[in-house]
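User: Hi! I'd like to go through the side-chain contacts and backbone details of a protein model with you. Could you take my questions one at a time?

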Amino acid sequence: VNDYTDSFHESGFVEFTVPSKQYSKKEFGKELYWIRARLLSGSFESRPKILSITLNSVYARNVTTYKGEILGSGTGAPGQYFLPAHNPILPGCILSVNEGSIPPANELESMKSDGIIDPYIAEGDSIWVRYKEVDNFYSSGPFSRHYVVDYQEGKIYFGDGQRGVNPPRIKFNIRLDSYSVGGGSAGNVAAHTLKILTKSIPFISGCNNPFPAEGGADMESVENLKSRAAGAFKSLQRAVTVEDFEWLARESSSSVGRAYCLKNKNLRGEITVIVIPVMFPGSSFTDRLFPSRELLRRVKEYLEDRKLVGTKISVQGPLYRTFDLTVTLVIKSDVLDSERLKKEIESSLRGHFHPLVGNQGSGWEFGKIITSGAVFKQLERIEGILSVDAVEIFDVDAGVSVEKVVLKDDEIPFLREVLLENRKEQA
């Protein structure tokens, strides 16, 4: 059994095999093949629900792998770079350089201590030396077999001889033994769209994806990188403070639009990190933003590797507090297109309370009270409104009209409906 649900405490898959001689049995008025799961101990906050049982199924990724690709020839010059034939390149390259001879014993030992288990492979007269990918050359020495991948440009860089070895001058001696391309938000296809095999596979007649693909993200923009750079340097890849958990959660994937860490632990003694995904093309302010299971798994896995020993972490989506607004206002008589102005007003209000773009781009604060004063203040910025007579807030979750909506520390608002009532301007 492979259990990816933490014993049914979170969404995920459970893989298992059944006996080859399994017989049907009549239970609950149905003649079926039954599988039983029994509760041995513990409890659940909500009753687990099995959504689907799929047969002959495996995980699949939007990835194409290429092997044995010659990148080019070393020139012996410092700072060489090469372009693979296919892009966008994904992490996990395996690269070798034909150096013409076996490296000295001291360099081989250094390579092994650097994590290169098999430093070289002899193929005839060629000695293919394995190189290691690093983030940069700052810690590289003159004998370090290192290379750096620029994933934005799709380029593979070598050192200058002082920080990282520059490959020797040998014809066609730079080789990608294996690398993968793919990924991106374009791979997040809907369910039941992958039905054609691109190549024949023995004993397989067809395929289908019963669930929508998720987890694909495009390359992060430079502006977004600048906005989080200070936090990345402050955390130093260790999750200790609340700010560290928030910054590292954003670091885990470019699909994370916002991360919020609660100041107090939950009842199970866990540090709770709330993740809000980015707005992908086609989404609008009227959509609730929920992270996919894959994104939550990726964030939690990233934080687990960087937390203090013994720290328990819970990564989850946001808890929305739903409300409606009814605004009674007077539009100026010189406004020719009142419908366009109403759309602008609605968009402005939705953006103001949005978890990503509200609060001048940082998102509406978790736990911040919603008041009619906040609505008045936002409407004051819109040209074309003569006056605002009344603002009514309806708490959808409570089912009553209120003067203000008090949010808990882990809640974020969601503006469901905006009703605009335009009173005629008095002559």
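User: Happy to start with a helix. How far apart, in helical turns, are R340 and E344 in helix α5?

Analyst: Glad to help, and please keep in mind that this is a predicted model. R340 and E344 both belong to helix α5, where four residues separate them, so the spacing comes to about one helical turn.

User: Thanks! What is the N to O distance where the side chains of R340 and E344 meet?

Analyst: The two side chains form a salt bridge. R340 is partly exposed because its relative accessibility is 47%, and E344 is partly exposed as well, at 35%. The N to O distance in this salt bridge is 3.3 Å.

User: Which residue forms a salt bridge with R297?

Analyst: The partner lies with R297 in helix α4 (residues 293-304), four residues along, or about one turn of the helix. R297 has 39% relative accessibility, so it counts as partly exposed; its partner, at 48%, is partly exposed too. The closest N and O atoms are 3.3 Å apart, and the partner is E301.

User: How many residues apart in sequence are the parts that R145 and E99 tie together?

Analyst: The side chains of R145 and E99 meet in a salt bridge, with 2.9 Å from N to O. R145 lies in the loop between β9 (126-133) and β10 (146-150), while E99 lies in the loop between β7 (94-98) and α1 (105-113). The pair therefore links parts whose separation in sequence is 46 residues.

User: Are R145 and E99 buried or exposed?

Analyst: The cut-off for buried is under 20% relative accessible area, and exposed means over 50%. By that rule, R145 and E99 are both buried.

User: How many salt bridges does the count come to, and which residues are linked in a network?

Analyst: The count comes to 17 salt bridges. As general background, side chains of opposite charge can pair when their charged atoms come close. The residues linked in a network of salt bridges are E123, R130, R175 and D177.

User: Over the ring of which residue does the charged end of R175 sit?

Analyst: R175 is also one of the residues in the salt-bridge network. Its charged end sits 4.0 Å from the centre of a ring, and that ring belongs to W128.

User: And how far is the charged end of R306 from the centre of the Y302 ring?

Analyst: Here an arginine is placed over a tyrosine ring. The charged end of R306 lies over the ring of Y302, at a distance from its centre of 3.5 Å.

User: Let's turn to the core. Which element gives the most residues to the largest nonpolar core?

Analyst: That core has 34 residues, and L325, I345 and L349 touch the most other members. The elements giving two or more residues to it are β14 (271-277), β16 (319-331), α5 (338-352), α6 (372-379), β18 (385-395) and β21 (411-423). With six residues, the element that gives the most is β16.

User: Which residues does L325 touch, leaving out those up to four places away in sequence?

Analyst: L325 is among the core residues that touch the most other members. With neighbours up to four places away left out, L325 touches L349, F353, V375, V391, E392, I393, L415, E417, V418 and L419.

User: What kind of aromatic pair do Y320 and F414 make?

Analyst: This is one of 14 aromatic pairs in the structure. Y320 lies in strand β16 and F414 in strand β21, so the pair ties together parts 94 residues apart in sequence. Both residues are buried. The ring centres are 6.0 Å apart and the planes are at 70°, so the pair is edge-to-face.

User: Which residue is joined to N87 by a cis peptide bond?

Analyst: In general, most peptide bonds are trans. In this bond, omega is about 0°. The residue joined to N87 lies in the loop between β6 (81-82) and β7, and it is P88.

User: Last one: near what value is phi of H192?

Analyst: H192 lies in the loop between β12 (174-182) and α2 (222-235). With a relative accessible area of 43%, H192 is partly exposed. Its phi is positive although the residue is not glycine, and the value is near 60°.

Technical notes:
Residues numbered from 1 in each chain as written. Predicted model: local features only at pLDDT ≥ 70, side-chain atom pairs only at ≥ 80, totals over all residues. Heavy atoms only, no water. Core = buried A, V, L, I, M, F, W, Y, C linked by side-chain atoms within 4.5 Å. Buried < 20%, exposed > 50% of the residue type's maximum accessible area, 1.4 Å probe, protein only. Contact = heavy atoms within 4.5 Å. Salt bridge = Lys/Arg side-chain N within 4 Å of Asp/Glu carboxyl O. Phe/Tyr/Trp six-rings, centres within 6.5 Å; stacked < 30°, edge-to-face > 60°. Lys NZ or Arg CZ within 6 Å of the ring centre and 35° of its normal.
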